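Biologist: I should like to learn how to read a sheet, a domain division and a chain contact. Please take the model before us as the example.

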Amino acid sequence: MELKVLGQDNQPSAQAQAGGCSSGTCGSSEDGMNHLPDSVREKVHNHPCYSEEAHHFYARMHVAVAPACNIQCHYCNRKYDCANESRPGVVSELLSPDQAAKKVLAVASEIPQMTVLGVAGPGDPLANPERTFETFREIYEKAPDIKLCLSTNGLALPDHVDEIEALKVDHVTITINCVDPEVGAKIYPWVFWKNRRIKGAKGAKILIERQQKGLEMLIERGILVKVNSVLIPGVNDEHLKEVSKIVKSKGAFLHNVMPLIAEAEHGTFYGVMGQRGPNKQELSDLQDACAGDMNMMRHCRQCRADAVGLLGEDRGQEFTLDKIDAMDIDYDAAMEKRANIHAGIEAHRDALRAEQAENEMPDLLAPVGTPPARIAITTKGGGVINEHFGHATEFLVYEVAPEGVRFIGPRKVENAYCVGPDVCPSGDDKGTVLDAILEALSDCSAVLSAKVGIEPWSRLEDARITPSGEYAMDQIEDAVRGMYGELIEQGWAVKDLNVQAVG
Amino acid sequence: MSLSIVESCVNCFACEPLCPSEAIFKGEEIFLIDAKKCTECDGDFADPQCASICPIEGAILDAAGEAINPPGSLTGIPPLRMAQAMAEIQAR
């Protein structure tokens, strides 16, 4: 397991370069990290939230130690707390720093693929500096193999850069939705600043200045900065192009444009006032417009502030306080096990890259002018198609064109088609659940799963989505290319990728 | 002369460290204000600190029992609109 297949040290950069663009996946494999310096690539190589490729192999966790917030955002409601809901700002159980450290060690022992610990709320980590940094200090001492990161609105960021640097927190995410106070006034009703609640554009201006200052200070010290932006149609959609330009020029290494989540039942301003979120195409178009030569992140799952596991899964319920208390953790032993498992994963990733580099890809997958197709796949992790259609609550959508394959983003559905491991839904439920899946995949021409049942099979075909189980256990991008070939051969009914249902 | 916190408090801890009189403490269910210690920030700050950071409308009352942050004042959602939306959700 320790043997590296290629017999070389772990140099993602050298291999990615050797692979170059021959895989036809520039911008998606290794997340188009090629323009970044080696030192940065080294840091993001195993980070599931930053590297699209890594997120198939490594897991993350958030600990909810930071309940207080110093601003209000129109997409957030501080009253909400529900175990069944998944979105940022939502948690089930607030932890003390001690409890959080214990939970981290427990998860690290049980899920060795967990490489990253983040503090992301449910409020703002830097509005709770003592609790956040106490948590980091404990983990830094007890579990030095875990990477630390935090996510902030930026208001208090300039005050804490020293401590962030001292604790070797090398990844910071700042949520920047605007650089213009007038736009900001439509997103942030107030900020708490110097002992006053400051409303409107005046408050937004302070927030914007502090975000930009914090960003500059972090970059000066060589700390990686990712910028998150919430895409709010009609409020900041056009404006985000300028945000992207500015944060890129200042040195942020990744810009993550996320869709607004707004439902009346969340009780947020946007939800209640009927502000709509972007549709799939609007999100994808804006991500394209912001991309330029900068990395855009498309695999973000907008996790809860207490999520645990691979992106797209949440195993938080396995690690509630009472369950952790009952666990007996030998962290030294766990660290050894973790190191072994990580070496195994790296050997596997190296081998995959080597295989890709060897397989000479044709310059074009199809004649120029062949229309692009979107293809959905289901996976449990590992970068292969290994999830049954009926068990999936998440579909990863890829777009394939003659020039190559690129990742478009995840599509979540509330319910998997199957009710239990071997139970299919019955009666009305069956239709509703499947309708939601068909709607989520309406722009796709095929769906590739480890297996697809007979009933969904025919409904998928009716919706002009070709189901296939032929690519079970295949590498995702290989399978997507293969399916594109099949579609072309069949002369598939091309879908207009610009016409989208809202969803 | 004291402010008070009512049961809509969500236990976010934001107010507690800001109180210049150390009058705020975590009670069994929610945070509470020790009436003997509370000065309403008189002499320390222009605005009472707890009520200036509290994100929940109606959670902090003044000495007369009136909400310092009445409905709509923090979220910007007009109370009528909120009532309408909630009625629609319940009717589903």
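Modeller: Let us begin with a sheet, bearing in mind that this model is predicted. Strands of a sheet pair through backbone hydrogen bonds, either parallel or antiparallel. In chain A, five strands form an open sheet in the order β14-β13-β12-β15-β16, and the pairing is mixed.

Biologist: Why is one side of β14 and of β16 of chain A left without a neighbour in the sheet?

Modeller: Strands β14 (404–412) and β16 (466–468) of chain A stand at the edges and have a single partner strand each, so one side of each lacks a neighbour in the sheet. On average, neighbouring strands of this sheet are turned by 25° against each other, direction ignored.

Biologist: How many bridges join β12 to β15 of chain A?

Modeller: Three bridges link β12 (residues 373–377) with β15 (residues 446–448) of chain A, and these strands run parallel. Within this pairing, I377(A) stands opposite L448(A) of β15(A).

Biologist: Into which domains is chain A divided?

Modeller: The division gives domain 1 (1–34 + 330–361), domain 2 (46–324) and domain 3 (363–490). Domains 2 and 3 of chain A each give 10 residues to their contact. On the domain 2 side, these comprise two nonpolar, four polar and four charged residues.

Biologist: Which elements of chain A give two or more residues to the side that touches chain B?

Modeller: In the contact between the chains, 21 residues of chain A meet 21 residues of chain B. The elements in question are β6 (190–193), β7 (196–199) and α9 (269–273) of chain A. Of these, α9(A) gives the most, with three residues. By class, the chain A side has 11 nonpolar, five polar and five charged residues.

Definitions and conventions:
Residues numbered from 1 in each chain as written. Chains lettered and ligands numbered in written order. Predicted model: local features only at pLDDT ≥ 70, side-chain atom pairs only at ≥ 80, totals over all residues. Pairing = 2+ DSSP bridges. Helix = DSSP H or I, 4+ residues; strand = E, 2+ residues; numbered from the N terminus. Axes fitted to C-alpha atoms, helices over the stretch in contact; angles between N-to-C directions. Contact = placed C-beta atoms within 7 Å. Nonpolar A, V, L, I, M, F, W, Y, C, P; charged D, E, K, R; others polar. Domains from an automatic or database assignment.
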